[in-house]
Amino acid sequence: MNNDTTTVVVKETLDPTPTQVEILQRYADASRCSFNFALSFKHGRQQLWSHGRDRLIAQGQTPAEAARNAPKVDVPGQFAMQKIFNAERDLPLIGPLLPGQEPRYRYTWWKGVNAIVCQQAFRDADTAFANWKNSARRKGGPVGYPRFKWRGRCRDSFRMSAIRLVEQDLRHVRIGGGGGQPAFSVRLHRPARRLVRLLARGGVVKMVTVAREGHRWVVMFNVRLPAGPAPRPTRRQREAGMVGVDLGVKVFAATSDPLLVNDDKVQLFANPRHLENTRRQLRRWQRRMARRHVRGLKTHEQSQGWREARDQVARLHALIAARRASTQHLVTKRLVTQYAHVALEDLRVKNMTASARGTLEAPGRNVKAKAGLNRAILDVGFGEIRRQIEYKARLYGAAVTVVDPAYTSQTCNRCGHVDAKSRRTRDLFTCTRCSYATHADIGAALNIKTRAQALDEASEPQA
């Protein structure tokens with residue numbers, strides 16, 4: 001994507017019939033099998049290169065030298081995989097046939113599926129393999145070796161471009177057919193008005209993803225929009241100025257200045273604890289799922305009772321994710337639409353949620369309590385909140401500044417004194433020097449705002 005365009009993803013819930021659910025599941029299975037087909041070829045070529053490298057290491061070369069001098073192996077890409085697949089998909093299994101026995105074929109999952117589904121899965125395999133190869137040169141943490149997708153364990157989804165909105169009623173999407181399956185229309189749970197507005201602005205649908213989330217099927221339109229002038233903050237945002245945000249566990253978010261929510265001014269947002277409130281039901285169905293599981297049987301060979309428990313677990317997880325996303329979107333949008341500048345802490349969530357289990361030689365302490373804290377932090381979603389604020393700020397003309405989180409909750413925002421004893425309780429902060437008292441989370445949000453203002457002043461060019 002170039003700088004002249006921007007991408008917006010529109011997500012809508014589908015309302016398919018039982019027959020259409022079977023078709024969508026067949027498309028998703030074909031996508032999974034196509035990914036595994038491509039990855040198996042890539043894995044074989046990678047193993048061939050690894051054997052050549054290992055032989056050089058056995059001859060006395062260092063691992064770095066062996067990696068450079070190993071014989072080059074060509075790894076097939078998307079278009080090469082399409083040619084290989086087209087040549088092999090109609091070949092029967094090798095072996096003699098009994099009298100009257102029909103020949104069996106190795107790859108039957110491509111029939112009744114649009115060819116674009118398989119092509120996109122080959123491209124996904126290319127992307128997964130390239131991310132692993134370029135892991136050291138990419139931003140973020142290391143990327144693991146691509147793994148095969150197992151039925152019942154991976155997300156059911158497929159991508160294709162032959163999906164369009166039926167604009168007569170805005171309540172149906174038409175999914176292209178292929179391989180003997182005619183095109184069909186699936187009803188939407190609600191009219192796709194937002195998608196229509198984006199298309200009216202000159203947007204173009206580049207790719208569409210259909211996926212199963214719990215018991216529901218959703219469709220996600222990847223819309224490419226021509227980039228207009230950069231949005232500017234409104235007068236209301238400029239008058240409000242900057243707001244500091246402190247994220248926590250007991251208090252979901254605390255702000256230095258109030259947010260207007262349903263005509264009420266709110267500074268403290270209580271943690272809804274979506275996971276904890278549903279955890280009792282989740283445990284019950286997970287235990288049923290474990291009791292009904294028969295070791296040694298594949299997923300599709302398990303009992304109907306096991307599949308029922310599995311579907312209930314998936315449904316509860318999807319419900320938790322939807323509730324969590326609703327809370328996050330509510331807070332983040334109000335932050336970027338009511339203020340021109342948002343200040344956040346530069347939290348290292350991966351380090352914050354590291355396990356305290358330790359090792360056999362040095363076992364950890366308070367492991368159960370730390371596990372509960374990690375679970376609560378991940379339930380709030382610190383990283384997702386920051387991601388939403390950053391991308392929504394670009395849409396509404398707001399700015400975002402991240403500051404060092406050290407001692408924000410132990411610093412008096414009035415006199416600047418730092419003392420851990422000033423935080424008398426979980427909620428009460430009373431400075432040991434000037435006796436200033438405030439809510440601890442609001443005080444931390446004020447400190448975040450102060451640090452962000454200092455950073456902005458330091459970054460401004462001198463006259």
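The following is a short conversation about how the features of this predicted model get their names.

Reader: What kind of model is this, and how are residues numbered?

Author: This is a predicted model, where local features need pLDDT of at least 70, side-chain atom pairs count only at pLDDT 80 or more, and totals for chains, interfaces and linings use all residues. Residues are numbered from 1 along each chain as its sequence is written, and side-chain values use heavy atoms, with hydrogens and water left out.

Reader: How do you know that Cys 118 is in no disulfide?

Author: A disulfide is a pair of cysteine sulfur atoms within 2.5 Å. A search of the whole structure finds zero of them. For Cys 118, the nearest cysteine sulfur belongs to Cys 33 and is 8.9 Å away. That fails the cut-off, so Cys 118 has no disulfide.

Reader: What about Cys 415, and which cysteine sulfur is nearest?

Author: The nearest is that of Cys 431, at 3.6 Å. The limit is 2.5 Å, so Cys 415 is in no disulfide either.

Reader: Why is Cys 118 called buried?

Author: Buried means under 20% relative accessible area, exposed means over 50%, and partly exposed lies in between (1.4 Å probe, protein chains only). Cys 118 has 6%, so it is buried. Cys 415 has 32%, so Cys 415 is partly exposed.

Reader: What makes Lys 449 and Asp 257 a salt bridge?

Author: A salt bridge is a side-chain nitrogen of Lys or Arg within 4 Å of a carboxyl oxygen of Asp or Glu. Here the closest N and O atoms are 3.0 Å apart, so the pair qualifies. Lys 449 lies in helix H12 (residues 440–459) and Asp 257 in strand E9 (residues 251–261), so the pair ties together parts that are 192 residues apart in sequence. Helices (H or I, at least four residues) and strands (E, at least two) are DSSP runs, numbered from the N terminus.

Reader: Are Lys 449 and Asp 257 buried or partly exposed?

Author: Lys 449 has 18%, so Lys 449 is buried. Asp 257 has 21%, so Asp 257 is partly exposed.

Reader: How many salt bridges are there in the whole structure?

Author: The search finds 21. Another of them joins Asp 379 and Arg 324, with the closest N and O atoms 2.8 Å apart. Asp 379 sits in helix H10 (residues 367–380) and Arg 324 in helix H8 (residues 304–338), 55 residues apart. Asp 379 is at 7%, so Asp 379 counts as buried.

Reader: What makes Asp 441 and Arg 426 a salt bridge?

Author: Their closest N and O atoms are 3.3 Å apart, so they fall within the limit. Asp 441 lies in helix H12, while Arg 426 is in the loop between strand E12 (399–403) and strand E13 (428–430). Salt bridges that share partners join Lys 250, Arg 423, Arg 426, Asp 427 and Asp 441 into one network. Asp 441 is buried at 4%, whereas Arg 426 is partly exposed at 33%.

Reader: Why do E6 and E7 count as paired strands?

Author: Two strands pair if DSSP finds at least two bridges between them. E6 (residues 204–213) and E7 (residues 216–226) have nine, so they pair, in the antiparallel sense. Val 205 stands opposite Val 223 in E7. The two strands form a hairpin with two residues between them, and Gly 214 in the turn has a positive phi of about 70 degrees.

Reader: How do you know that E2 pairs with E6?

Author: Strand E2 (residues 157–160) has four bridges to E6, so the requirement is met. This pairing is antiparallel too. In E6, the bridge partner of Arg 159 is Thr 209.

Reader: What makes the side chain of Asn 114 a partner in polar contacts?

Author: A polar contact is a pair of N or O atoms within 3.5 Å; within protein, one must be able to donate a hydrogen and the other to accept it, and residues adjacent in sequence count only if both atoms are side-chain atoms. The side chain of Asn 114 reaches the backbone oxygen of Gly 177 at 2.9 Å. The backbone nitrogen of Ile 116 also lies 2.9 Å from a polar atom of that side chain. Both values are within the limit, so both are polar contacts.

Reader: Where is Asn 114, and is it buried or exposed?

Author: Asn 114 is in the loop between H3 and H4. Its accessibility is 9%, so Asn 114 is buried.
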